[in-house]
Every structure is written in C-alpha cells, then in structure tokens.
Amino acid sequence: MLEWKTIGRVLESRLIKVKKEVDLTRVNIQSAGETVTSGDGVAMVNGLLDCVLGELIEFDGGGNGIVMNLDRDTVGVVLLNGESSVPEGSQARGTGRVLSVPCGSAMLGRVVSPLGDPLDGEGSFSFEEMRPIESPAPAILSRKPVDRPLETGLMSIDAIVPIGRGQRELIIGDRQTGKTAIAVDAIINQKGKGVYCFYVAIGQKTSSVARLVEQLRIAGALDYTTIVCSTASDAATMQYIAPYAGCAMAEHFMYQGKDTLIIYDDLSKHAVAYRAMSLLLRRPPGREAYPGDVFYLHSRLLERAASLSDEAGGGSMTALPIVETQAGDISAYIPTNVISITDGQIFLDTDMFRSNIRPAVSGGLSVSRVGGAAQRKAMRNVAGRLRLELAQYRELQVFAQFSSDMDATTRDTLRYGAILTELLRQKDGDPMPATAQIELLYAATQGLLPHDTPIERVQKFKHEFPAYMDARDPEGVKALDEESVISDTFAKSMAKAAKEWLAHSGAIR
C-alpha cells in the first residue's frame with residue numbers, strides 16, 4: 001500500500017513539472033482516425049472521437065471533406081475532392097475548423113468554384129478574408145425594416161410585386177418559363193447603383209453558365225458580379241456547399257455596409273444534391289425521399305439575407321432564390337418549404353409565357369409581403385390598382401371568348417387591359433429605368449393613352465415616350481427620379497407631351 005502511494009506522489013510531481021514547462025494552450029491537439037470505407041463521394045471514418053458536425057477533415061492523400069454524420073463508432077464524411085483521393089485505410093485528421101471560402105473585391109468579375117478557386121482561366125486573385133460558409137443569421141435587433149427598393153427594371157415586378165433591399169423573394173415556375181432571365185435582368189439593372197451581385201449556379205449546364213457570363217459581360221454587368229459555379233458534372237457535395245459559399249462571399253460586403261444581391265439558381269437542384277448525400281449517408285428518408293431536415297437546409301441559408309440596422313453597418317443582402325415546379329404544382333414539398341421561408345414569390349405562368357406575355361408574371365399567385373414599403377412613392381401611386389385591373393381583364397377575357405355580343409363598358413375594359421398587358425411586356429436583357437416605368441403607367445392609368453389606341457401604337461409609345469419626355473422636360477424627369485413624386489407641374493407636362501406625341505404619331509385620327 002505504501003509503495004502505491006509513493007508511485008502516485010512521484011507521478012504527480014512529474015506531471016506538475018511538465019505542466020510548468022509546457023504551455024498546453026499552445027499545443028495543437030488533433031484527433032486522428034482511419035478510413036473504413038470510401039465510395040460515391042462519402043467516406044466512413046473510425047477514431048475521430050472529438051470531431052463536431054460540419055468540421056473540416058483532412059486525409060493523407062490530400063483530400064478533404066465535411067463531417068455530416070456522427071454515429072456511435074464512425075463518422076460520415078462527404079468528400080470535396082472525390083473518393084479517388086481518399087482510399088480505404090488512409091489516415092484522417094480533424095482540423096477543428098469549418099470550411100471557409102475567400103472573399104473580397106478582387107473576386108468581382110470572376111467565375112469561381114464553391115471553394116473559391118478560379119474557373120475562368122484568368123489566373124489567381126488576392127482575397128481580403130476567409131469566411132466560414134456556415135455562419136449565424138443576423139439577430140433581430142441587428143436588422144431594420146426593409147424600406148429601400150431594389151428595382152429589377154421589369155415593370156411587371158417593380159409595379160406589382162416590388163422587391164426591397166434585404167428581402168427574400170422567391171422566383172418560382174415551370175422549366176423554361178424565364179426564371180433565370182428575370183434574375184439576370186435584375187443584375188443588369190443594378191449597374192451604377194452600388195449593388196454587388198452574386199449569381200450561384202447549382203447543377204446548371206456548363207454551356208448555360210457560359211452564355212450567362214457572356215450576356216453579363218456584353219451588358220457591362222460582370223464588373224460588379226461574381227459567378228459561383230457548381231455544374232451538373234460536379235459532385236453532389238460541391239452543389240450542396242455552393243449556395244452557402246456564395247452567401248459567405250456576399251456577407252463580406254454586407255457587413256462592410258454595402259448592398260448586395262444574390263441569386264440561387266436553383267434550390268430545387270440543391271435539395272436533390274442534399275438528398276443524394278443523405279441517402280448515401282444512410283439517413284432515413286422522409287417525404288419524396290428527402291431527409292427530415294431539408295427545411296432547415298434552406299431556412300438557415302435564406303435567413304442570412306437581411307437589411308442591417310445603422311448600428312450594425314447598414315448593409316443589406318437581397319436573396320432571389322429560384323425553385324422549379326412540375327406542371328405548375330406549387331404545393332409540392334420543396335416549393336411549399338421555400339415559399340414559407342421567403343417574403344413573397346414571383347410565380348411565372350406557363351400559359352402566359354406561351355402566349356408571348358413575357359415576363360410571364362402571374363398577378364394572382366405572385367405576392368410581395370413587403371409590399372409598397374419598399375417601393376417609390378410615385379410608383380406606388382400609379383400602380384396602386386394595377387393588380388386588380390389586370391385581374392378583372394383576365395377574368396373578362398375568359399368570358400369574352402364565348403360571347404359575341406358585349407356592351408361598351410366590357411369592350412372598354414378589355415381594350416384597357418390589353419394596353420396594360422402590352423406595357424408590361426418586355427424583352428430579356430432590356431430592363432427599364434424606374435422613371436420610364438412611372439411615366440408609362442401614369443399615361444395608361446390617367447387616360448392619357450386612349451383605350452382605343454391600336455396595340456402597335458402602344459408598342460411604339462412604350463419605346464418612344466420616355467425618351468420624348470427626357471428631351472422635352474429633362475428637369476422634370478430628374479426631379480421625378482430624385483424626389484419620387486409626380487408634381488402637378490410634371491403631371492401637366494406629361495399630359496401635354498402625350499397629346500403631342502399621339503398627334504404626331506398618327507394615333508389620333
């Protein structure tokens with residue numbers, strides 16, 4: 001018994017001596033493990049007893065991955081480099097940190113991977129900081145109400161479903177209905193407005209991304225835009241982290257007090273990639289084989305979009321997620337999830353698109369929960385009844401197909417609705433300034449444009465009248481842009497200009 005006490009005292013004295021000589025806080029202690037299985041982009045590792053969910057794991061062969069499953073004896077790791085760099089039996093080490101991506105102004109105008117590696121062949125770039133792809137959303141007290149407009153240049157959106165800086169507005173519709181075109185127009189319209197744009201391509205074709213980059217370059221919008229690209233040929237893991245990486249890059253500017261716009265194209269493919277990873281990790285499937293936490297997958301991403309208070313820097317991040325529907329079914333699992341997270345949705349109608357009404361924004365199913373709070377006062381005044389008037393027109397249009405005898409009031413309503421529909425029609429890549437939208441809507445809603453005006457004249461009016469006003473009353477247009485109020489003087493100027501234009505164009509006979 002005495003001998004054991006002596007041994008204990010000796011060991012205690014030696015441990016005290018080691019503690020004095022070595023600063024244990026500076027010792028880098030890494031857990032180590034061994035890869036049991038590796039395949040299909042997933043590795044199961046033994047021995048990583050103290051790792052945490054989301055931790056970055058490094059392997060001997062140069063590969064790395066992210067911890068996604070914590071089981072009793074093994075850890076499920078999704079691989080970032082593919083299973084070829086992580087053979088079975090290779091050693092794995094915990095890093096104690098989460099995956100981070102480079103951020104900074106040098107990345108503007110570049111096409112990068114979700115890890116921040118350049119993909120455009122223009123060489124490397126310097127970065128200002130590394131931000132973790134997963135970070136907490138801004139607290140409630142760090143936010144302020146969304147009250148500044150982020151104009152897309154599309155009259156059917158800016159007038160009916162306005163978007164504010166810091167808002168999360170879903171773009172939803174079937175395949176090939178113009179969802180990406182709306183997002184691209186929104187990016188192009190930010191030229192000269194101090195908004196940094198990020199476009200995240202998730203599971204897109206490489207050729208589609210290349211066309212989009214060229215379109216932005218021709219429009220002069222690439223200088224303030226970063227493309228985060230994870231194509232359909234990339235691993236599911238890269239498609240999974242792409243939106244979080246793009247969000248981290250946008251947050252860099254938001255917390256510096258800048259305004260940013262981020263497009264997620266699209267979250268349907270993002271959910272499919274997450275489902276593939278989850279099934280490979282042996283997670284129990286739920287509805288439509290998606291895992292139970294698929295709602296949290298998108299909520300923790302979209303909640304990071306915010307309009308920060310002045311005390312927090314005053315920056316903003318506006319998110320425009322895109323979701324694809326099947327046969328217009330917005331009650332499917334992923335669409336309903338994202339609709340419940342966002343602050344409204346822009347629904348694109350397939351029938352309107354096929355009728356050449358583009359952008360095919362459905363006034364009945366589209367909504368902005370911010371509403372007029374993030375809209376110019378002048379736009380709010382001229383577009384107040386626009387949604388109702390268009391709904392009445394669509395309803396009458398259906399009945400007019402079966403009726404040959406209509407009264408004068410019904411015919412007048414149909415003509416007026418046709419004029420409004422024509423004014424809202426725009427080509428891709430041709431956003432319209434806010435002042436031009438207000439002038440055209442004022443002319444239509446205040447009767448400056450007669451209801452019996454032929455549609456071809458309406459088309460000409462739409463293209464020529466804003467320039468006509470710029471030349472005729474530049475001071476009034478400037479005041480409208482700066483003060484966002486239609487003064488009595490400018491209203492009279494528009495009425496006179498519209499009458500003159502119609503007379504000279506031959507619309508009045």
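**Exercise 1. At roughly what angle do the axes of helix 12 and helix 13 cross, and within what distance do they come?**

Before we start, note that this is a predicted model, in which local features need pLDDT of at least 70, side-chain atom pairs count only at pLDDT 80 or more, and totals for chains, interfaces and linings use all residues. Residues are numbered from 1 along each chain as its sequence is written, and side-chain values use heavy atoms, with hydrogens and water left out.

*Solution.*
- Step 1: Recall that two packed helices are described by the angle between their axes and the distance between the axes.
- Step 2: Find the elements, where helices (H or I, at least four residues) and strands (E, at least two) are DSSP runs numbered from the N terminus.
- Step 3: Fit the axes, which are lines through C-alpha atoms, for helices over the stretch in contact, with angles from 0 to 180 degrees between N-to-C directions.
- Step 4: The axes of helix 12 and helix 13 come within 11 Å and cross at roughly 175°.
- Step 5: Helix 12 and helix 13 are therefore roughly antiparallel to each other (under 35 degrees is roughly parallel, over 145 roughly antiparallel, 65 to 115 roughly perpendicular, the rest oblique).
- Step 6: Contact (heavy atoms within 4.5 Å) is made by Y416, L420 and L423 of helix 12 with L440, A444 and T445 of helix 13.
- Step 7: Sorted by class, these residues are five nonpolar, one polar and no charged (Ala, Val, Leu, Ile, Met, Phe, Trp, Tyr, Cys and Pro are nonpolar, Asp, Glu, Lys and Arg charged, and the others, Gly among them, polar).

**Exercise 2. Describe how helix 14 and helix 16 pack.**

*Solution.*
- Step 1: Helix 14 (residues 455-472) and helix 16 (residues 488-505) have axes that come within 10 Å and cross at roughly 130°.
- Step 2: The two helices, 14 and 16, are therefore oblique to each other.
- Step 3: On the helix 14 side, the contact is made by R457, K460, F461, E464, F465, Y468, M469 and R472. Helix 16 contributes residues including F490, M494, W501 and H504.
- Step 4: The contact of helix 14 with helix 16 has nine nonpolar, three polar and six charged residues.

**Exercise 3. Are E422 and Q426 buried or exposed, and what do they touch?**

*Solution.*
- Step 1: Place them: E422 is in helix 12, while Q426 lies in the loop between helix 12 (408-424) and helix 13 (434-445).
- Step 2: E422 has a relative accessible area of 5% and is buried (buried is under 20%, exposed over 50%, partly exposed in between, with a 1.4 Å probe and protein chains only). Q426, with 8%, is buried too.
- Step 3: Not counting residues up to four places away in sequence, E422 touches I455, V458, Q459 and K462.
- Step 4: With its neighbours within four places in sequence left aside, Q426 contacts G153, L154, M155, R358, P359, P431 and M432.
- Step 5: One of these pairs spans a long stretch of chain: Q426 and G153 are 273 residues apart in sequence, yet 9.6 Å apart in space, C-alpha to C-alpha.

**Exercise 4. How many disulfides does the structure hold?**

*Solution.*
- Step 1: Look for a pair of cysteine sulfur atoms within 2.5 Å, the definition of a disulfide. The structure holds zero.
- Step 2: For C197, the nearest cysteine sulfur, that of C247, is 15 Å away.
- Step 3: C197 is buried at 0% relative accessibility, and C51 is buried at 9%.

**Exercise 5. What is the overall make-up of the protein?**

*Solution.*
- Step 1: The protein has 16 helices and 16 strands.
- Step 2: Its C-alpha trace spans about 120 × 50 × 45 Å along the principal axes.
- Step 3: Of the 509 residues, 51% count as buried.
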